[in-house]
Amino acid sequence: MNAPVIRLGVRAYDHLTPIRLGEIQPASWRLELVRCDRTPDLATRTDLDGAEASASRMMLNVADGNESLVSTPAFVLSALRHRCIITRQESDLVAVEQLRGKRVGLTGWPDTGQVWTRALIRDAGVGFDEIDWLVGPATAADPAVADRIGAHAPATVAALPPGVTLVDALRHGRVDALMLPTLPVESFGASAPFRQLIPDYRQAEAAYVRRLGFVPGIHLFALRREVVQAHPGIQTELVEVLARAYADALRRRLDLLDTTPWLIAELHAMADTVGLDYNPYRLDTAWRSAAMLADELVAQGLCPRQVGPDELFAGCAEDA
């Protein structure tokens, strides 16, 4: 009998290569990864059994009683956010605390990455109502989004005028800083017009990881409920396969140091912070990351109640 095929939509993360090549697969079913340029919408992608999904939006689904999708404790995207706050090269802003009373642009108020970035602002003691926020696309190439603000943003949040992008707004001084999920090319190099707001963001991020004990999870894998019901244990098997793929990709990086000319230096820095054996698919990491995100969603007024990891990852155990 042929093994069932589970099709998951996901962006082109390099550590998934062993799965795409068929070198690492589950024991009882076959995992097919469908490459997507953007995070797919399972409401329209009926050809997919699951997909990469926003962790905060999955938590909001649970709070709203939407049970059509099941979250798997597999954060395919985990990232640090200090680097994602940028300003103009000539700006005198060098600390998150200095954003009080400023104008800050961001791409979407409910987005998971932005929730984590605003957690840094909360941690610095700056109230969201002490900042004038402008929400809109980063560049003209960004996909259209029906509602970037949502229903629970503070009164100090407004939309950018039509046709205006965040990068243009920063360039022309309409905002003092931006919080972006990915960095524009204008922020790379000493001669670039933009720079990170925190000059030594790497040191700040390393201290943050040491304090938290994990890199914040942003996107996880969501599976259709009928798929989970038809294949008991699929969530645990998926986590195991992803963990094996990540470990395999790391081993190859140690030998094939070609991602950047200085990847060996990056691996040394990784060893000194999260550890060379770091694997974002550890279940205890997923639980801690989800618990902190749940706290932030409530504290930031986005979620009416806390959706903890036991509820978000129903059917999975932290010590599985």
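**Finding your way around strand β7**

β7 and strand β8 (residues 157–159) run parallel and pair over three bridges. One of the matches to look for is valine 135, whose bridge partner in β8 is alanine 159. Keep in mind as you look around that this is a predicted model.

Now turn to β6. Strand β6 (residues 103–106) also pairs with β7 in the parallel sense, this time over four bridges. Here valine 104 stands opposite tryptophan 133 in β7. To get from one strand to the other, follow helix α3 (residues 112–123): β6, α3 and β7 make a right-handed β-α-β unit.

β7 itself, covering residues 132–135, has two faces. Trp133 and Val135 sit on the covered face, while Asp132 and Leu134 are on the uncovered one.

What about β6 and strand β9? Strand β9 (residues 177–179) runs parallel to β6, and three bridges join them. Valine 104 turns up again here, with alanine 177 as its bridge partner in β9.

Step back and you can see the whole sheet. It is an open one of six strands, in the order β8-β7-β6-β9-β5-β10, and its pairing is mixed. At the edges are β8 and β10 (194–196), each pairing on one side only. On average, neighbouring strands of this sheet are turned by 30° against each other, ignoring direction. Helix α3 packs on the sheet, where it touches β5 (85–88), β6, β7 and β9. The direction of α3 makes about 130° with that of β9.

Key
Residues numbered from 1 in each chain as written. Predicted model: local features only at pLDDT ≥ 70, side-chain atom pairs only at ≥ 80, totals over all residues. Heavy atoms only, no water. Buried < 20%, exposed > 50% of the residue type's maximum accessible area, 1.4 Å probe, protein only. Pairing = 2+ DSSP bridges. Right-handed = clockwise from strand over helix to strand, strands pointing away. Axes fitted to C-alpha atoms, helices over the stretch in contact; angles between N-to-C directions. Contact = heavy atoms within 4.5 Å.
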